[in-house]
Amino acid sequence: MRYAWTTALLWAAGCMPSPGLTLPTVPPPEARAVVAQAEVELRSVEHDAEWEAQLVALLVGHRDAPLSDAHRDRMQEAARIALRADRLDLFEEAIEAVERTATDGGQWSWGSRVLGAQLRLAWAEAELLVALAVIYAVRHIEAEFGRIAADRAIGSERDRRRRRSEEIQDAIERAAYFAACFAATGQARLQAAAIHVERVLAERPDHYLGYRLALDLHRIQAQHGTQTDADWVAFEEVAAELEQRRPDSTGLKFLRGAALAFEQPEEAQRFLAAALDDAPEFTRAQVYRVLAADSLEARNVELARLRAISPHHQLIEWAAPLTEAFGS
């Protein structure tokens, strides 16, 4: 049995699998445990980039720090770095740190709540994108499996190919299970984040930051959540308003590119490249360049660029090794 969203996820990835690929149904507690353990392991990776060291320094001791304006400023900066970094192991701590500063009725509080809401959305989408990236890798593993199964061989070569076929089938099953766990937790996290975002938007619906947050919500819902036409209509309406207010917005360039990634990949790449020209450290923009790549070769090029930005990003740690080991 498939999750209700499995086929939609695969279509969104731009590559339906063969009829043999089915994501398993994983009980929610089991899926959460698998994802939590994966994120703990990611957190244990050495933080060797400058931005990682900077973020850790900003977050250290945030629970005991007095809520001064200087502290609020530091935590908002930490939240912005975490958003740019797009590392699954950093979202929870950054959310806790920035939302702790939302304790008054002024601009500090509003800004902190917006950043917290953005982080919640980004965390949900990051888990869903892990599932998509792994599904893409499984497609290439399947291609390798199909070639080996179709080859004719005798003797020791036949035995070698049989062992290789069993190894690939095992990789397919493990990858499908991993993708199912991340898709399940990502969907649950997205539903919770959407409720949180709606509360924040209700406070100042006409603020620029509100438009930016609403645009992100509608896009993620349309691509990964409800997938209704109403969300795409709302996305276009809010995008038009944002274009009038800030036509050169880096965030808008990214959102346009991400929205087109699975339908018009060439146009998506143009928007995403423009966003990265503005902000070379914008990791999520590079992630979408990976997902919008139209061939394995192009995707490996984009993965190399992602590795240069964030050497221990979750796609580098979990999805890239699959295509490198089994893709062709």
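Accessible areas here come from the Shrake-Rupley method with a 1.4 Å probe, and for residues only the protein chains shown count as cover. With the whole protein selected, the accessible surface comes to about 14,800 Å², of which 53% belongs to carbon and sulfur atoms. This is a predicted model, in which local features need pLDDT of at least 70 and side-chain atom pairs count only at pLDDT 80 or more, while totals for chains, interfaces and linings use all residues. Residues are numbered from 1 along each chain as its sequence is written, and side-chain values use heavy atoms, with hydrogens and water left out.

Colour next by pLDDT, the predictor's confidence in each residue, from 0 to 100. The mean for the protein is 81, and 82% of its residues reach 70 or more. Select residues 1–20, where pLDDT stays under 50; where pLDDT is low, the predicted coordinates should not be read in detail.

Switch to a cartoon view, which shows 14 helices and zero strands, these being DSSP runs numbered from the N terminus (helices H or I, at least four residues; strands E, at least two). Among these elements, helix 1 (residues 6–12) has the lowest mean pLDDT, 35, and helix 11 the highest, 96.

Now turn to the aromatic rings, of which the structure holds seven pairs; rings of Phe, Tyr and Trp (its six-membered ring) pair if their centres lie within 6.5 Å, with planes under 30 degrees apart counted as stacked, over 60 as edge-to-face and the rest as tilted. Select Phe178 and Phe182, whose ring centres are 4.8 Å apart and whose planes meet at 50°, so the pair is tilted. Both residues lie in helix 7 (residues 155–203), four residues apart, about one turn of the helix. Phe182 is buried, with a relative accessible area of 0%, where buried means under 20%, exposed over 50%, and partly exposed in between (1.4 Å probe, protein chains only).

Move on to Phe254 and Phe282, another tilted pair, at 4.9 Å centre to centre and 45° between the planes. This pair links distant parts of the chain, since Phe254 is in helix 10 (residues 250–260) and Phe282 in the loop between helix 11 (265–278) and helix 12 (283–292), 28 residues apart. Phe254 and Phe282 are both buried. Adding Phe262 and Tyr288 to the selection shows the cluster that ring pairs form with Phe254 and Phe282.

Finally, select Arg189 and Trp123: the charged end of Arg189 sits over the ring of Trp123, 3.6 Å from its centre, a description that requires NZ of Lys or CZ of Arg within 6 Å of the ring centre and within 35 degrees of the ring normal.

How values were computed
Contact means heavy atoms within 4.5 Å.
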